[in-house]
Amino acid sequence: MTKKTMREAINEALHQEMARDPSVIVIGEDVSGGAGGSSGQRDVAGGVFGLTKGLLPKFGEHRVIDTPISESAIVGAANGAALAGLRPVAEIMFSDFIGVCFDQILNQAAKFRYMFNGAKAPLVIRMTVGAGRSAAAQHSQSVHSLLTSIPGIKVVMPSNAYDAKGLLLQAIRDNDPVMFLEHKMLYNDACEVPDGDYTIPFGEGVLVREGEHATVVATGQFVKLAVAVVDKLAEEGIRCDLIDPRTTSPLDEELILESVRETGRLVVIDESSPRCGLAADIAALAARKAFFSLRAPVVTVTPPHTPVPFAPELEREYLPDAARIEQAIRSVLAP
(Lines give C-alpha, C1' and ligand atoms only; values in the text may rest on other atoms or scores of the structure.)
Protein backbone atom coordinates (compact mmCIF):
# COMPACT_ATOMS: atom_id res chain seq x y z
CA MET A 1 0.00 0.00 0.00
CA THR A 2 1.00 3.59 -0.55
CA LYS A 3 1.00 6.29 2.09
CA LYS A 4 -1.45 9.05 1.15
CA THR A 5 -2.94 12.11 2.78
CA MET A 6 -6.68 12.34 3.32
CA ARG A 7 -6.75 14.96 0.55
CA GLU A 8 -5.07 12.51 -1.86
CA ALA A 9 -7.30 9.63 -0.76
CA ILE A 10 -10.51 11.59 -1.40
CA ASN A 11 -9.21 12.84 -4.75
CA GLU A 12 -8.29 9.27 -5.72
CA ALA A 13 -11.73 8.00 -4.75
CA LEU A 14 -13.38 10.62 -6.97
CA HIS A 15 -11.11 9.76 -9.91
CA GLN A 16 -11.68 6.02 -9.57
CA GLU A 17 -15.44 6.18 -9.15
CA MET A 18 -15.94 8.65 -12.00
CA ALA A 19 -13.89 6.35 -14.24
CA ARG A 20 -15.84 3.27 -13.11
CA ASP A 21 -19.33 4.78 -13.33
CA PRO A 22 -20.20 7.33 -16.06
CA SER A 23 -23.27 8.43 -14.12
CA VAL A 24 -21.13 10.05 -11.40
CA ILE A 25 -20.83 13.83 -11.71
CA VAL A 26 -19.18 16.44 -9.49
CA ILE A 27 -20.91 19.77 -8.93
CA GLY A 28 -20.00 22.78 -6.80
CA GLU A 29 -18.20 26.09 -6.52
CA ASP A 30 -14.75 26.03 -8.14
CA VAL A 31 -14.66 22.26 -8.52
CA SER A 32 -12.94 22.83 -11.86
CA GLY A 33 -10.07 24.00 -9.77
CA GLY A 34 -8.88 27.57 -9.86
CA ALA A 35 -10.65 29.42 -12.63
CA GLY A 36 -11.52 32.18 -10.19
CA GLY A 37 -7.97 32.57 -8.91
CA SER A 38 -5.31 35.07 -9.97
CA SER A 39 -4.11 32.85 -12.83
CA GLY A 40 -7.57 32.44 -14.28
CA GLN A 41 -6.63 28.90 -15.33
CA ARG A 42 -8.88 25.95 -14.61
CA ASP A 43 -7.56 22.95 -12.66
CA VAL A 44 -4.63 24.93 -11.29
CA ALA A 45 -5.55 24.44 -7.65
CA GLY A 46 -8.15 21.68 -7.69
CA GLY A 47 -10.67 23.72 -5.72
CA VAL A 48 -10.18 25.70 -2.55
CA PHE A 49 -8.74 22.67 -0.71
CA GLY A 50 -7.31 20.83 -3.73
CA LEU A 51 -9.77 17.94 -3.54
CA THR A 52 -10.98 17.94 -7.16
CA LYS A 53 -7.69 18.45 -8.99
CA GLY A 54 -7.38 16.58 -12.26
CA LEU A 55 -11.08 15.81 -12.63
CA LEU A 56 -11.85 18.49 -15.24
CA PRO A 57 -9.19 17.54 -17.85
CA LYS A 58 -9.99 13.85 -17.39
CA PHE A 59 -13.80 13.89 -17.35
CA GLY A 60 -14.73 17.22 -18.96
CA GLU A 61 -17.00 20.06 -18.02
CA HIS A 62 -20.17 18.05 -18.55
CA ARG A 63 -19.25 15.90 -15.52
CA VAL A 64 -17.26 18.46 -13.52
CA ILE A 65 -19.67 21.34 -13.20
CA ASP A 66 -18.80 24.72 -11.71
CA THR A 67 -21.69 26.66 -10.21
CA PRO A 68 -22.38 30.19 -9.01
CA ILE A 69 -21.80 30.86 -5.31
CA SER A 70 -25.16 29.48 -4.23
CA GLU A 71 -25.16 26.45 -1.94
CA SER A 72 -28.92 26.08 -2.23
CA ALA A 73 -28.62 25.93 -6.03
CA ILE A 74 -25.87 23.29 -5.80
CA VAL A 75 -27.88 20.98 -3.54
CA GLY A 76 -31.12 21.63 -5.43
CA ALA A 77 -29.47 20.75 -8.74
CA ALA A 78 -27.88 17.65 -7.20
CA ASN A 79 -31.26 16.54 -5.85
CA GLY A 80 -32.79 16.77 -9.31
CA ALA A 81 -29.83 15.03 -10.95
CA ALA A 82 -30.09 12.14 -8.47
CA LEU A 83 -33.78 11.69 -9.17
CA ALA A 84 -33.07 11.79 -12.92
CA GLY A 85 -30.64 8.85 -12.72
CA LEU A 86 -27.22 10.41 -12.15
CA ARG A 87 -25.01 10.00 -9.08
CA PRO A 88 -24.05 13.57 -8.17
CA VAL A 89 -21.28 14.37 -5.70
CA ALA A 90 -22.04 17.92 -4.60
CA GLU A 91 -19.35 19.96 -2.86
CA ILE A 92 -20.13 22.59 -0.23
CA MET A 93 -16.84 24.29 0.64
CA PHE A 94 -17.82 25.02 4.22
CA SER A 95 -20.58 23.14 6.00
CA ASP A 96 -21.46 26.35 7.84
CA PHE A 97 -23.44 27.36 4.75
CA ILE A 98 -25.54 24.22 4.72
CA GLY A 99 -28.19 26.26 6.52
CA VAL A 100 -29.44 27.75 3.25
CA CYS A 101 -29.79 24.19 1.85
CA PHE A 102 -31.88 22.79 4.67
CA ASP A 103 -35.13 22.73 2.73
CA GLN A 104 -33.47 20.69 -0.04
CA ILE A 105 -31.97 18.32 2.54
CA LEU A 106 -34.49 18.19 5.39
CA ASN A 107 -37.71 18.49 3.41
CA GLN A 108 -36.70 17.02 0.07
CA ALA A 109 -33.72 14.64 -0.27
CA ALA A 110 -34.25 12.97 3.10
CA LYS A 111 -37.83 12.11 2.17
CA PHE A 112 -37.61 11.11 -1.50
CA ARG A 113 -37.61 7.38 -0.72
CA TYR A 114 -40.51 7.74 1.72
CA MET A 115 -42.70 10.07 -0.30
CA PHE A 116 -42.17 8.83 -3.85
CA ASN A 117 -42.71 5.09 -3.80
CA GLY A 118 -39.19 4.14 -2.77
CA ALA A 119 -37.45 6.46 -5.22
CA LYS A 120 -33.68 6.23 -5.22
CA ALA A 121 -31.74 9.42 -4.44
CA PRO A 122 -28.03 8.51 -4.85
CA LEU A 123 -26.73 11.88 -3.73
CA VAL A 124 -23.51 12.67 -1.86
CA ILE A 125 -22.87 16.09 -0.34
CA ARG A 126 -19.22 16.56 0.59
CA MET A 127 -18.41 19.41 2.93
CA THR A 128 -15.66 20.57 5.25
CA VAL A 129 -16.28 20.81 8.98
CA GLY A 130 -14.47 21.76 12.11
CA ALA A 131 -12.37 24.33 13.93
CA GLY A 132 -8.62 24.72 14.34
CA ARG A 133 -7.66 27.11 11.56
CA SER A 134 -8.87 30.35 13.17
CA ALA A 135 -11.31 30.67 10.31
CA ALA A 136 -13.92 32.34 12.52
CA ALA A 137 -17.44 31.43 13.49
CA GLN A 138 -18.90 31.04 9.98
CA HIS A 139 -16.16 28.74 8.63
CA SER A 140 -15.39 26.50 11.61
CA GLN A 141 -18.54 24.78 12.79
CA SER A 142 -19.17 21.06 13.15
CA VAL A 143 -22.70 20.43 11.94
CA HIS A 144 -22.80 16.64 12.13
CA SER A 145 -25.20 16.57 15.07
CA LEU A 146 -27.70 18.70 13.17
CA LEU A 147 -27.49 16.39 10.15
CA THR A 148 -27.49 13.21 12.23
CA SER A 149 -30.82 14.22 13.74
CA ILE A 150 -32.50 14.11 10.31
CA PRO A 151 -34.05 10.73 9.49
CA GLY A 152 -33.62 9.61 5.89
CA ILE A 153 -30.01 10.67 5.34
CA LYS A 154 -26.69 9.04 6.22
CA VAL A 155 -23.83 10.93 7.87
CA VAL A 156 -20.18 9.96 7.46
CA MET A 157 -17.20 11.33 9.43
CA PRO A 158 -13.85 9.79 8.40
CA SER A 159 -10.94 10.30 10.79
CA ASN A 160 -8.12 9.11 8.52
CA ALA A 161 -7.19 8.73 4.84
CA TYR A 162 -7.87 4.98 4.66
CA ASP A 163 -11.41 5.39 5.95
CA ALA A 164 -12.01 8.48 3.81
CA LYS A 165 -11.41 6.61 0.55
CA GLY A 166 -13.38 3.49 1.50
CA LEU A 167 -16.28 5.44 2.94
CA LEU A 168 -16.48 7.85 -0.01
CA LEU A 169 -16.61 4.99 -2.52
CA GLN A 170 -19.35 3.44 -0.41
CA ALA A 171 -21.19 6.77 -0.23
CA ILE A 172 -21.20 7.32 -4.00
CA ARG A 173 -22.58 3.81 -4.56
CA ASP A 174 -25.30 4.21 -1.92
CA ASN A 175 -28.83 4.76 -3.18
CA ASP A 176 -29.78 7.23 -0.41
CA PRO A 177 -28.55 10.77 0.37
CA VAL A 178 -25.20 10.76 2.19
CA MET A 179 -23.60 13.71 3.98
CA PHE A 180 -19.81 13.25 3.79
CA LEU A 181 -18.06 15.45 6.36
CA GLU A 182 -14.34 16.14 5.93
CA HIS A 183 -12.47 17.76 8.81
CA LYS A 184 -10.15 20.51 7.55
CA MET A 185 -7.47 19.65 10.12
CA LEU A 186 -7.16 16.11 8.76
CA TYR A 187 -6.54 16.84 5.06
CA ASN A 188 -2.73 16.64 5.41
CA ASP A 189 -2.71 13.59 7.69
CA ALA A 190 -1.36 10.50 5.92
CA CYS A 191 -1.57 6.76 6.36
CA GLU A 192 -1.39 3.69 4.14
CA VAL A 193 -4.24 3.58 1.63
CA PRO A 194 -4.80 0.82 -0.97
CA ASP A 195 -4.47 1.94 -4.58
CA GLY A 196 -7.36 -0.24 -5.68
CA ASP A 197 -11.07 -0.43 -5.03
CA TYR A 198 -12.49 -1.08 -1.55
CA THR A 199 -15.48 0.08 0.43
CA ILE A 200 -16.26 0.40 4.14
CA PRO A 201 -19.88 -0.39 5.10
CA PHE A 202 -21.87 2.27 6.92
CA GLY A 203 -22.80 1.61 10.56
CA GLU A 204 -19.59 -0.31 11.32
CA GLY A 205 -17.33 1.49 13.76
CA VAL A 206 -13.74 0.47 14.42
CA LEU A 207 -12.04 -0.48 17.68
CA VAL A 208 -8.89 1.64 17.41
CA ARG A 209 -7.43 0.57 20.77
CA GLU A 210 -8.48 -2.26 23.07
CA GLY A 211 -8.60 -2.19 26.88
CA GLU A 212 -10.67 -3.18 29.86
CA HIS A 213 -10.72 -0.11 32.13
CA ALA A 214 -12.85 2.42 30.21
CA THR A 215 -14.53 3.01 26.87
CA VAL A 216 -13.56 6.13 24.92
CA VAL A 217 -15.62 7.15 21.88
CA ALA A 218 -14.08 9.87 19.69
CA THR A 219 -15.06 11.37 16.33
CA GLY A 220 -13.31 13.27 13.55
CA GLN A 221 -10.08 15.01 14.44
CA PHE A 222 -10.31 13.86 18.06
CA VAL A 223 -9.66 10.23 17.20
CA LYS A 224 -6.00 11.08 16.62
CA LEU A 225 -5.82 13.07 19.87
CA ALA A 226 -7.57 10.32 21.80
CA VAL A 227 -5.08 7.74 20.47
CA ALA A 228 -2.21 9.78 21.92
CA VAL A 229 -3.93 10.08 25.31
CA VAL A 230 -4.98 6.43 25.47
CA ASP A 231 -1.47 5.28 24.52
CA LYS A 232 0.03 7.53 27.20
CA LEU A 233 -2.30 6.13 29.87
CA ALA A 234 -1.52 2.59 28.75
CA GLU A 235 2.07 3.18 29.89
CA GLU A 236 0.63 3.53 33.41
CA GLY A 237 -1.40 0.37 33.07
CA ILE A 238 -4.69 2.17 32.29
CA ARG A 239 -6.05 0.47 29.20
CA CYS A 240 -9.05 1.78 27.28
CA ASP A 241 -11.22 0.70 24.41
CA LEU A 242 -11.10 3.52 21.85
CA ILE A 243 -13.95 3.50 19.34
CA ASP A 244 -14.25 5.56 16.15
CA PRO A 245 -17.89 5.26 14.97
CA ARG A 246 -16.93 6.37 11.41
CA THR A 247 -20.60 7.09 10.67
CA THR A 248 -23.00 8.88 13.01
CA SER A 249 -26.08 7.81 11.06
CA PRO A 250 -26.28 4.86 11.12
CA LEU A 251 -24.39 4.61 14.40
CA ASP A 252 -22.69 1.38 15.45
CA GLU A 253 -24.59 1.16 18.73
CA GLU A 254 -23.70 -2.46 19.37
CA LEU A 255 -19.94 -1.84 19.26
CA ILE A 256 -20.29 0.98 21.79
CA LEU A 257 -22.69 -0.88 24.08
CA GLU A 258 -20.66 -4.09 24.01
CA SER A 259 -17.60 -2.16 25.13
CA VAL A 260 -19.45 -0.18 27.82
CA ARG A 261 -20.94 -3.38 29.25
CA GLU A 262 -17.40 -4.75 29.61
CA THR A 263 -15.63 -1.66 30.97
CA GLY A 264 -18.50 0.00 32.90
CA ARG A 265 -17.12 3.45 32.11
CA LEU A 266 -17.66 5.79 29.15
CA VAL A 267 -16.02 8.99 27.92
CA VAL A 268 -17.30 10.61 24.69
CA ILE A 269 -15.22 13.23 22.83
CA ASP A 270 -16.91 15.26 20.13
CA GLU A 271 -16.69 18.67 18.47
CA SER A 272 -20.37 19.50 18.27
CA SER A 273 -22.37 21.48 20.80
CA PRO A 274 -22.84 19.95 24.27
CA ARG A 275 -26.60 20.61 24.02
CA CYS A 276 -28.48 18.10 21.84
CA GLY A 277 -25.16 16.98 20.36
CA LEU A 278 -23.65 13.62 19.40
CA ALA A 279 -21.85 13.22 22.74
CA ALA A 280 -25.12 13.70 24.61
CA ASP A 281 -26.81 11.23 22.25
CA ILE A 282 -24.20 8.51 22.89
CA ALA A 283 -24.31 9.18 26.63
CA ALA A 284 -28.09 8.73 26.55
CA LEU A 285 -27.65 5.51 24.57
CA ALA A 286 -25.45 4.10 27.33
CA ALA A 287 -27.94 5.23 29.98
CA ARG A 288 -30.86 3.60 28.15
CA LYS A 289 -29.28 0.30 27.20
CA ALA A 290 -26.27 -0.26 29.50
CA PHE A 291 -27.27 1.56 32.69
CA PHE A 292 -26.75 -1.37 35.04
CA SER A 293 -23.25 -1.93 33.64
CA LEU A 294 -22.12 1.61 34.38
CA ARG A 295 -19.82 1.98 37.37
CA ALA A 296 -19.37 5.75 37.00
CA PRO A 297 -21.31 8.62 35.44
CA VAL A 298 -20.71 9.09 31.71
CA VAL A 299 -18.36 12.02 30.95
CA THR A 300 -18.54 14.05 27.74
CA VAL A 301 -15.73 16.24 26.41
CA THR A 302 -17.04 18.89 24.02
CA PRO A 303 -16.62 22.58 23.25
CA PRO A 304 -18.69 25.01 25.34
CA HIS A 305 -22.16 26.03 24.18
CA THR A 306 -20.88 29.01 22.20
CA PRO A 307 -20.05 29.89 18.59
CA VAL A 308 -16.48 29.08 17.52
CA PRO A 309 -14.18 32.00 18.50
CA PHE A 310 -12.00 33.75 15.90
CA ALA A 311 -8.99 34.60 18.09
CA PRO A 312 -6.48 31.70 18.08
CA GLU A 313 -6.12 31.82 21.87
CA LEU A 314 -9.88 31.54 22.38
CA GLU A 315 -10.26 28.86 19.71
CA ARG A 316 -7.66 26.73 21.50
CA GLU A 317 -9.66 27.13 24.72
CA TYR A 318 -12.85 26.24 22.84
CA LEU A 319 -11.62 22.92 21.47
CA PRO A 320 -11.11 19.83 23.67
CA ASP A 321 -7.41 19.14 24.18
CA ALA A 322 -5.30 16.25 25.43
CA ALA A 323 -5.34 17.51 29.02
CA ARG A 324 -9.15 17.59 29.13
CA ILE A 325 -9.43 14.16 27.55
CA GLU A 326 -6.93 12.68 30.00
CA GLN A 327 -8.70 14.31 32.93
CA ALA A 328 -12.04 12.93 31.74
CA ILE A 329 -10.70 9.38 31.50
CA ARG A 330 -9.08 9.62 34.93
CA SER A 331 -12.32 11.00 36.41
CA VAL A 332 -14.40 7.97 35.36
CA LEU A 333 -11.75 5.70 36.88
CA ALA A 334 -11.66 7.55 40.19
CA PRO A 335 -13.13 5.55 43.11
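User: Two strands pair if DSSP finds at least two bridges between them, so which strands does β2 pair with, β4 being one and β3 another, and how many bridges are there in each case?
Analyst: β2 and β4 run parallel and share five bridges. With β3 (residues 64–66), also parallel to β2, there are three. Strands here are DSSP E runs of at least two residues and helices H or I runs of at least four, numbered from the N terminus. This is a predicted model, where local features need pLDDT of at least 70 and side-chain atom pairs 80 or more, while totals for chains, interfaces and linings use all residues. Numbering starts at 1 along each chain as its sequence is written, and side-chain values use heavy atoms, without hydrogens or water.

User: Who sits across from Val-26 in β3?
Analyst: Val-64 does. On the β4 side, Gly-28 has Glu-91 as its bridge partner.

User: Is β2 (24–28) buried or exposed?
Analyst: Five of its five residues are buried (under 20% relative accessible area, 1.4 Å probe, protein chains only), so the rest of the structure largely encloses β2. Val-24, Val-26 and Gly-28 are buried on one side, and Ile-25 and Ile-27 on the other.

User: New topic: how many cavities of 30 Å³ or more are there?
Analyst: Two. On a 1 Å grid over protein atoms alone, a cavity is a set of points where a 1.4 Å probe fits but can't get out, and lining residues have an atom within 4 Å of a point. Points join across faces, edges and corners, and volume is the space filled by probe spheres set on them. The largest cavity is about 70 Å³. Closest to its centre, out of 15 lining residues, are Phe-49, Leu-51, Glu-91, Arg-126 and Tyr-187.

User: Which strands supply at least two residues each to that lining?
Analyst: β4 (87–94) and β5 (124–129).

User: And what lines the second largest cavity?
Analyst: That cavity holds about 40 Å³, and its lining includes Ser-142, His-144, Met-157, His-183 and Phe-222. Domain 1 (2–193) and domain 2 (206–333) each give at least three lining residues; the bounds come from an automatic or database domain assignment.

User: Where does the largest pocket lie?
Analyst: Between domain 1 and domain 2, because both give residues to its lining. A pocket is an open set with protein on both sides within 12 Å along at least five of seven lines. The largest one has about 490 Å³ of space.

User: Which of its 28 lining residues are nearest the centre?
Analyst: Ser-142, Ser-145, Leu-146, Ser-272 and Ser-273. Helix α6 (144–148) and helix α10 (278–289) each supply at least two lining residues, and α6 has the largest share, with four.

Methods
Buried means under 20% relative accessible area, exposed over 50%, partly exposed in between (1.4 Å probe, protein chains only). Two strands pair if DSSP finds at least two bridges between them.
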